[in-house]
Structure formats: C-alpha cells, structure tokens
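I opened this entry to look up how the nonpolar residues are packed and how one helix is set among its neighbours. My notes follow the structure.

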Amino acid sequence: MQSTPNNCQTIPTGRFFTNLASDADRLSLGSGEVPFIQTPQTDGLVEALPKLGLELSHVEVLYCIKQLQFEHIEEYWAAFWQPEDDLDDDDKTLGQTRLSQQQLFSLCTLPQIQHWVVSLDLAFYQTIVDILVPDVLMSNMSPFLTQSCRNFAKNAEHYLKKAMQGAPEIIQKKKIQAVKYMAQGLRRYTSLNHLAQAARAVLQKPDQVIAMYNDYVRVDMQQVQEQAGWVSGCDSLMVHHIHNAFKDNLQKMAPMEEWAEWLESIVDQVEPVKILAKYHDKPVKVISEIGKQFLLNWSCYTSMLIRDLTLRSAGSFGSFHLIRLLTDEYMVYLVESRIAKAVNRAMITVISQVR
C-alpha cells in the first residue's frame, strides 16, 4: 500500500496553511507509516476487512498530518463513516469495492472487530504524535507548528464525533477515547517542547548560567538530604552523585543535549527505575508503582531545592524554576516511555490506562 494515495495528491491546500506552513515546519517532522496490526483470524472477516477501508483511511489522514493539512482530516473521517452510496468512476475503474454504511456499522458491533479497530487506532495515533513531536526536548517547533498541533488536539474529538454520527455507540466510545489519548499526548508534549525551548534560551546565556551556579553552590544539601531523604528513603550517595553532576553541568555550561542525556542516564541507571526492564513479566500495577515512586522521590528533592533557593532569595530563582518545571515534566515523560516499553502499550495511554 502506498503511503501517499493518488486522491490525496489532489487535495486543495487551504489558504491558512498555504500562507503559514513552511518547508522548515514540514522538515522538522519525524517519520512514520501506518502501523500493521494483525487482523482477526475469523471466518468471513478476513475478506471483509479490506473492504472496511480503515487502513486506507489512516493512510489518507497520515498524508494530511505530514503536510500539516489538519483541516482536511475531518473530511476524510466523514467520508469514511458517512460514505456515498455509489463508488465514483475512478474507484470503479480501479476495481475497488467497499462496504455500505449499514454493513460498516454492523461489522463494528463485533467484539473482535472493535478490539482490532482500537488497537490500530492507538498504534496509529502514537505514530501521529511521534511524527509531530519527534523529540520532545530537541525538536525546534515553530510557534505556528506548536499552535497547529494544539488546535488539532482541541478539535480532533469534535471531528470524529461529527463523522461517526449514527455509528454504534460502543464503537463511538472506544474510538473517541482513543483519539482523546492522542489529543492529551499532543498537548503535553508540545507544552514540554515549549518548556525545553525556553530553558535552552536560558542555558545559552553564560551570565544566567553563572548566576545559577553561584546560587546553587550555596544550597544546603545536607539539610535537603535530611528532610527529603527522611520522606523518600533515597540513598544519600546516589543523591550526592546527582547533586554533583547537576553542579558540574552548570559549571561547564552544558548544552541542552548534554542535559537530556544526563536526565536519561538518571532514569536508566538509578534504582528503582533501572530495574523496570527486570519487571517486564510482572503485573502492570507493579511496574507502574515502581515508576511512580521514583517520580515522587524526584519531585520531593526538587521541591526542597526550590524551597532553599526561595528562602535565600536567589537572584536566579526564575531560571531554576523554569529548569525545575522542565526536568520534572521530562522525568515523567521518560518514565512513561520506559513503562510503555515494559508493558507493550502505546505511550499515549500510559497515564490513563496503567494504574
């Protein structure tokens, strides 16, 4: 199946997107294709599923995503769920067939079809998020691209509800929940990217980084460890190591790339998160609790650091507050990604589904 169907190539570009969507915006996107999900092996369904056309519909939507033509997605969803009675001449020439709306709705009442549709949707929506925000810290998203993603996240549920009018209620609920996961992911990851760009601007200014370093070395880490350590039970040597690494990054004015690598190394090397991989065969709840405990411990320490800086009226408090917001959010993102991999779930579903 081609990733760019012929009928998509003739899509008229809306005036809004023609004026504002730049080549740089498109080049900043990640790569990805419609994922393959094994179809249900049930008598009669294997022949019917190609006529369902869901994968082709996803191909068309994916093309619009890559071209940043979000406004056309509503049209494709509506065309799929509210099909015309007759095929057009081009479809007939190609020998294509498809299900009527009644057949489509009837098929969607089958549990095995519902499971397949939702599985494909979740994998596809994860692909969309990965394309639009390929690197939450390092992607240089323009204000236009960020706002376009947020607008799409805001409108996607409405588009789908409108398109699916008349469809069985159960499939509507399942598909709308799936699109909500995508919307939540886009909102969170574009916000994280916005924080990263603001933090990068701070880290690129030597005078601000020097001020942060001078304020940070005055922090009473012994008191921080006594209070936060009593609450979290974290190993003092591990905390001391992280403290020194943070100080070293400030002293050498590390770029954002090094900060990102350092944060990832903490998640992958520090107990208990580094043992998530060892728990891949354990219940989801066990894996989730390990990740959440790490995040609670991290938040406890960063809160105590901000408290100390506040009491000292540190001149660089604003910069530290920004860095704290970024690191807290990025740690959640990293833990989510590790949990998603451990339990083989779409990352956009972890917070809502993994309890």
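I first fixed what I count as a helix: a DSSP run of H or I with at least four residues, numbered from the N terminus. The model is predicted, and I read everything below with that in mind.

With that definition I looked at the end of α14, and found that this helix is followed by Met253, whose phi is positive, near 55°.

I then checked the length of α14 (residues 236-251): at 1.5 Å a residue its 16 residues should span 22 Å, and the end C-alpha atoms are 22 Å apart, which agrees.

Next I asked which residues of α14 are buried. I found Val239, Ile242, His243, Ala245, Phe246, Asn249 and Leu250, and because they cover an arc of only 165° around the axis, they lie on the same side of α14. On the face turned away from that buried side I noted the exposed residues Leu237, His241 and Gln251. What covers the buried residues includes α12 (206-216), α13 (221-232), α15 (256-269), α16 (284-311) and α17 (317-343).

I turned to the largest nonpolar core, which has 109 residues, and in which Trp81, Tyr125, Leu132 and Met182 have the most contacts. Helix α11 (residues 169-203) supplies the largest share of this core, 15 residues. Domain 1 (49-85 + 97-196) and domain 2 (206-349) both give residues to the core, so I place it between them.

Last, I listed the contacts of Trp81, leaving out residues up to four places away in sequence: Trp81 touches Gln101, Leu104, Phe105, Cys108, Leu160, Ala163, Met164, Ala167 and Lys175.

Methods:
Residues numbered from 1 in each chain as written. Predicted model: local features only at pLDDT ≥ 70, side-chain atom pairs only at ≥ 80, totals over all residues. Heavy atoms only, no water. Core = buried A, V, L, I, M, F, W, Y, C linked by side-chain atoms within 4.5 Å. Buried < 20%, exposed > 50% of the residue type's maximum accessible area, 1.4 Å probe, protein only. Helix = DSSP H or I, 4+ residues; strand = E, 2+ residues; numbered from the N terminus. Domains from an automatic or database assignment. Contact = heavy atoms within 4.5 Å. Expected span 1.5 Å × (residues − 1). Arc of directions from axis to C-beta.
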